[in-house]
Amino acid sequence: LTRRLRESFPAMARSLGRKPFMGVKTGDNRSFFLQVQAIRGAYLITTDDLRVPLSAVCRCVRGRDLQRWTTTASQWMLWPPRGGWRKPPRWLESLAEKRGLEPADFRLSFVRPEHVGIKVAWKDLSRGMAAAVLPDVVHVNDMPFPLIPNQTLYAIDAVSLDEAYAIAAIFNSSIAGALLVGVAERAKDAHYRYFGRTIATLPWPDIGAEGERLVRLSRRAHVTKGLKRPGVRGEQLMSEIDELVARLYGVSADELALLQGFLERRLAELQPASRH
């Protein structure tokens, strides 16, 4: 069944005309992350009383901050120009001195233009595929800040929020989950590594006329946090998504049940034994 799907549909990277990418790499998160006590005017005030311009910060999402259908948190992080600051501003010199660094150290190790904008991000290391839509900005005190994935996430950029919701729905479906655990590298305790190169090969269906409904279902899952709190409504929503995605792949109800069972078994295989 999985062989048939891989032979019948093009790889995601080819179908969408773009490839997944790793999140921003700072080289030293402790130096880039900011502990903030307040926003005053055009500045963040850190817990050690430094003033950082709002134009030089973003909100950063880490792997631990993302669950299927939702982000649970984000962190304040310095957001330098792509090549770093040519002439260090005074506030940066003060920050560097406080942290025992040079101003030139505040340069991102890996950053791409696609890190800014609408994206679908997923956990690099996860027990099952876990993806969520990241909007281009989040608002704090009614002010917009870029929302950036860090290196413990992979992402793919989207041309619109609707496309992002559709992509996330397919990623989080049981069919994609089963296809991915069949090829993803195993990690510890039933976790798998969902590298960008692995996701790029995912067979990708033509969303076509079902796109509008898929977007609506995915938006509902993001608003209600999907299955974060399992219950009848959450299970029904996930069932609707699975059935719709199955139609896109030409998968029958019996075949969908087969893939769901396969996915459940794979994710349970390496679970640590319960303690009594």
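**Exercise 1. Find which residues the ring pairs link into a cluster with Trp122.**

Solution. Ring pairs join Trp122, Phe171 and Trp204 into a cluster. Rings of Phe, Tyr and Trp (its six-membered ring) pair if their centres lie within 6.5 Å. The model is predicted: local features need pLDDT of at least 70, side-chain atom pairs count only at pLDDT 80 or more, and totals for chains, interfaces and linings use all residues. Residues are numbered from 1 along each chain as its sequence is written, and side-chain values use heavy atoms, without hydrogens and water.

**Exercise 2. Classify the pair of Phe9 and Tyr249, then place both residues.**

Solution. Seven aromatic pairs occur in the structure. For Phe9 and Tyr249, the ring centres are 5.2 Å apart and the planes meet at 75°, so the pair is edge-to-face. (Planes under 30 degrees apart count as stacked, over 60 as edge-to-face, the rest as tilted.) Phe9 lies in the loop between α1 (2–8) and α2 (12–16), and Tyr249 in helix α9 (residues 232–249), so the pair ties together parts 240 residues apart in sequence. Helices (H or I, at least four residues) and strands (E, at least two) are DSSP runs, numbered from the N terminus. Both Phe9 and Tyr249 are buried. Buried means under 20% relative accessible area, exposed over 50%, partly exposed in between (1.4 Å probe, protein chains only).

**Exercise 3. Describe the pair of Trp76 and Phe145.**

Solution. The pair is edge-to-face, with 4.9 Å centre to centre and 90° between the planes. Trp76 lies in strand β8 (residues 75–78) and Phe145 in strand β13 (residues 143–149), so parts 69 residues apart in sequence are tied together. Trp76 is buried at 10% relative accessible area; Phe145 is buried at 2%.
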